[in-house]
Amino acid sequence: MSFFEVVDDRFRSFVMGNAPLKQIATGFDWVEGPVWFGDAGCLLFSDIPNNRILRWIPDAGISTFRSPSNYANGNTRDREGRLITCEHGTRRVTRTEHDGSITVVADAYEGKRLNSPNDVVVTSDGSIWFTDPHYGIMTDYEGFRAEQELPCYVYRVRPSGAIDAVLTDFACPNGLAFSPDESRLYVADTGRMFSSDPQYIRIFDVRADGSLSGGEVFHAIAPGCADGFRLDSEGNLWSSAADGVHCIAPDGQLMGKVLVPELVSNLCFGGRAKHQLFMTATTSVYMITLNRSGVQRP
């Protein structure tokens with residue numbers, strides 16, 4: 001059985017026929033936010049409706065990292081190796097310090113509560129960028145139904161702690177990631193709940209001061225949509241999709257797919273050489289070894 005679909009011959013060198021797709025954990029309700037901790041040899045991910053962050057260790061399996069997690073969704077690490085988490089239940093972004101204490105990074109903008117921070121990345125200057133769609137406050141499934149106080153923006157938290165709304169023309173921004181040299185920012189718009197908004201990935205040029213320009217459509221995933229994505233060291237974007245993970249070249253062309261039997265929500269690179277792709281997919285977590293390494297820091 002092939003776990004790949006080649007659309008462009010460039011993709012053939014990215015995958016290996018003898019590296020199987022593995023289901024490494026299952027039995028969840030809706031999992032997201034995978035992040036690899038190489039120094040601890042483990043993967044963390046969020047089981048959102050069950051209000052917990054879980055830990056997977058090779059040969060040891062699943063254990064609970066944090067419960068309750070405040071309905072955590074997206075996770076990443078900053079340049080000091082600390083966990084950065086988007087929490088739907090508390091409508092905030094937090095940082096877990098090395099001693100285990102939790103610092104609030106952002107929970108409001110201009111005096112109003114955030115919606116439900118979803119995905120997050122940290123750039124080399126220490127800035128924390130996150131998306132704030134309304135998904136976690138529209139129902140009680142992934143948090144608590146509540147009134148929306150702010151539009152759905154993309155924010156940057158500067159190292160000083162100042163918060164800027166850097167992108168304000170999205171219906172519902174979701175996944176985001178930078179190119180390896182941080183000169184381009186990719187942001188998914190997955191649209192408002194219970195609507196027929198267009199769904200696509202947009203691309204922005206990043207200026208030296210961190211401001212953005214551009215914003216044209218980079219790629220539209222089909223079937224499904226881009227929920228979360230990450231980039232490899234050559235600048236190819238690997239995105240979630242309804243039929244697995246799609247690999248998209250820097251020019252926006254689909255090159256190939258990793259086929260997964262469940263709808264994929266999010267992904268990250270990890271493993272010994274950052275060459276393993278971990279995928280959260282509805283009720284399960286999958287892993288496959290690639291002939292590419294991800295941009296995963298630290």
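**Overall fold, nonpolar cores and largest pocket**

In this predicted model, 58% of the 298 residues of the chain count as buried. The chain contains 1 helix and 27 strands. Its radius of gyration is 18 Å, close to the 19 Å that the globule rule gives for 298 residues, so the chain is as compact as a globular protein of that length. Along the principal axes, the C-alpha atoms fill a box of roughly 55 × 45 × 40 Å. When contacts between residues at least 6 apart in sequence are considered, 46% of them join residues that are at least 24 apart.

The largest nonpolar core comprises 22 residues, of which Trp238, Val258, Leu277, Met279 and Ile288 touch the most other members. Two or more residues are given to this core by each of the strands S23 (244–248), S24 (254–259), S25 (266–270), S26 (276–281) and S27 (284–289), and the largest share, 3 residues, comes from S26. Beyond its neighbours within four places in sequence, Val258 is in contact with Phe3, Phe4, Leu21, Trp238, Asp243, Gly244, Val245, Met279 and Ile288. A second core, separate from the largest one, has 15 residues, among them Leu114, Val120, Val122 and Leu150.

Attention then turns to the open space in the model. The largest pocket encloses about 390 Å³ of space and is lined by 21 residues, with Trp30, Glu32, Tyr135, Asn174 and Asp227 the closest to its centre. By residue class, the lining of this pocket divides into 9 nonpolar, 8 polar and 4 charged residues.

Terms used
Residues numbered from 1 in each chain as written. Predicted model: local features only at pLDDT ≥ 70, side-chain atom pairs only at ≥ 80, totals over all residues. Heavy atoms only, no water. Core = buried A, V, L, I, M, F, W, Y, C linked by side-chain atoms within 4.5 Å. Buried < 20%, exposed > 50% of the residue type's maximum accessible area, 1.4 Å probe, protein only. Helix = DSSP H or I, 4+ residues; strand = E, 2+ residues; numbered from the N terminus. Contact = heavy atoms within 4.5 Å. 1 Å grid on protein atoms, 1.4 Å probe; cavity = no way out; pocket = protein on both sides within 12 Å on 5 of 7 lines; lining within 4 Å. Points joined across faces, edges and corners; volume = space filled by probe spheres on them. Nonpolar A, V, L, I, M, F, W, Y, C, P; charged D, E, K, R; others polar. Rg over C-alpha atoms; globule rule 2.2 N^0.38 Å.
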